[in-house]
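Got your viewer open? Load the model below and keep the selection box handy for a short tour.

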Amino acid sequence: MRAQSSATASPRIAVGAASTTPPGASFGTVLAALGVVAFSLTFPATAWGLEGFGPWSLIAVRSILAAAVAGACLVALRVAPPERRHWLGLAVVGAGVVLGFPLLTTLALQTSTTAHAAVVVGLLPLTTALLSALRVGTRPSRTFWIAALAGAAAVIAFTVQQSGGALTSADAYLFGALLVCAAGYTEGGRLARQMPGWQVIGWALMLCLPLTVPMAAVALSFEPVHLTAHSVTGLLWVAIGSQFLGLVVWYRGMAAIGIPKASQLQLAQPLLTLVWSVLLLGEHLPVAAPLTAAAVLVCIAVTQRARG
């Protein structure tokens, strides 16, 4: 009942356009930040998962596991199905964050390092803010846009410089993933102002089951599976940590502080991913990382203070 009442109250908060700090905004920022931390582990966890699963198997199984957890929660709490007007938005969320982004980035990570793939996340906040302005009608301030563009530019320059300026065959997957994920984030953030965030991703996962179950059956019959500690841990994290729990707190945070401001917190995600890549994958941490981190943190501070 608490979740329902908070979801009912959240539409009173104008997305990215409040003249004063709305109640619960600080807590919303914390929730969105926790989502960013969860997402920052996605690429390293995917790299681990690919050690034992094929790309199609990994995507299908992770979605099914996440749907199983979400479905259990929906059944246990006796949550009624969403209203008919919400199903199209849930389909966009499912196509973007349940299927599109995981599939495209997993295919990219077969030939790309996690550091190079992080360019997607560097561009994601700006793309999400742009789609939010078109879909939800938000109008962030000029200061907001300048800070957002500066932060995105810093992240892009960092990742491109580290890759030697060369574009790989995985870039088509990465840019496609960027667009579909931004659409899923925007629609999910809008829906999370009308229903609890965990129900948004929960129903999106359930909606994708008719696709993911047959996909898993076919993929597992063609792609060999080698269960190791890394592959199982990676699978469990991308399924439960990234695909469900991360999106639960992320959508709730977006509902509280607005889609544009929440999306700018993701400017820190590529740098967090690089840290995890060093600790978990043994990749080399570039010397430029601390300087980029400082620039990104300044941009985040400006976007969080800028009024819409």
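**Stop one: a buried salt bridge**

Select Arg190 to begin: with a relative accessible area of 17%, this residue is buried (under 20%; over 50% is exposed, and partly exposed lies in between, using a 1.4 Å probe and protein chains only). This is a predicted model, where local features need pLDDT of at least 70, side-chain atom pairs count only at pLDDT 80 or more, and totals for chains, interfaces and linings use all residues. Residues are numbered from 1 along each chain as its sequence is written, and side-chain values use heavy atoms, leaving out hydrogens and water.

Now add Glu187, buried at 6%. Its side chain meets that of Arg190 in a salt bridge, 2.6 Å from N to O (the rule: a Lys or Arg side-chain nitrogen within 4 Å of an Asp or Glu carboxyl oxygen). The two sit 3 residues apart in helix H8 (residues 171–191), so about one helical turn separates them. Helices here are DSSP runs of H or I, at least four residues, numbered from the N terminus.

**Stop two: the other pair**

How many salt bridges does the rule give? The count is 2. Pick Glu83 and Arg85 for another, again 2.6 Å, N to O. Glu83 is partly exposed at 47%, while Arg85 is exposed at 55%.

**Stop three: Leu207**

Jump to Leu207 in helix H9 (residues 197–222). Leu207 is partly exposed, at 36%. Show its contacts (heavy atoms within 4.5 Å): leaving aside residues up to four places away in sequence, Leu207 touches Trp87, Leu90 and Ala91. Then measure C-alpha to C-alpha to Val98: 9.8 Å in space, 109 residues apart in sequence.
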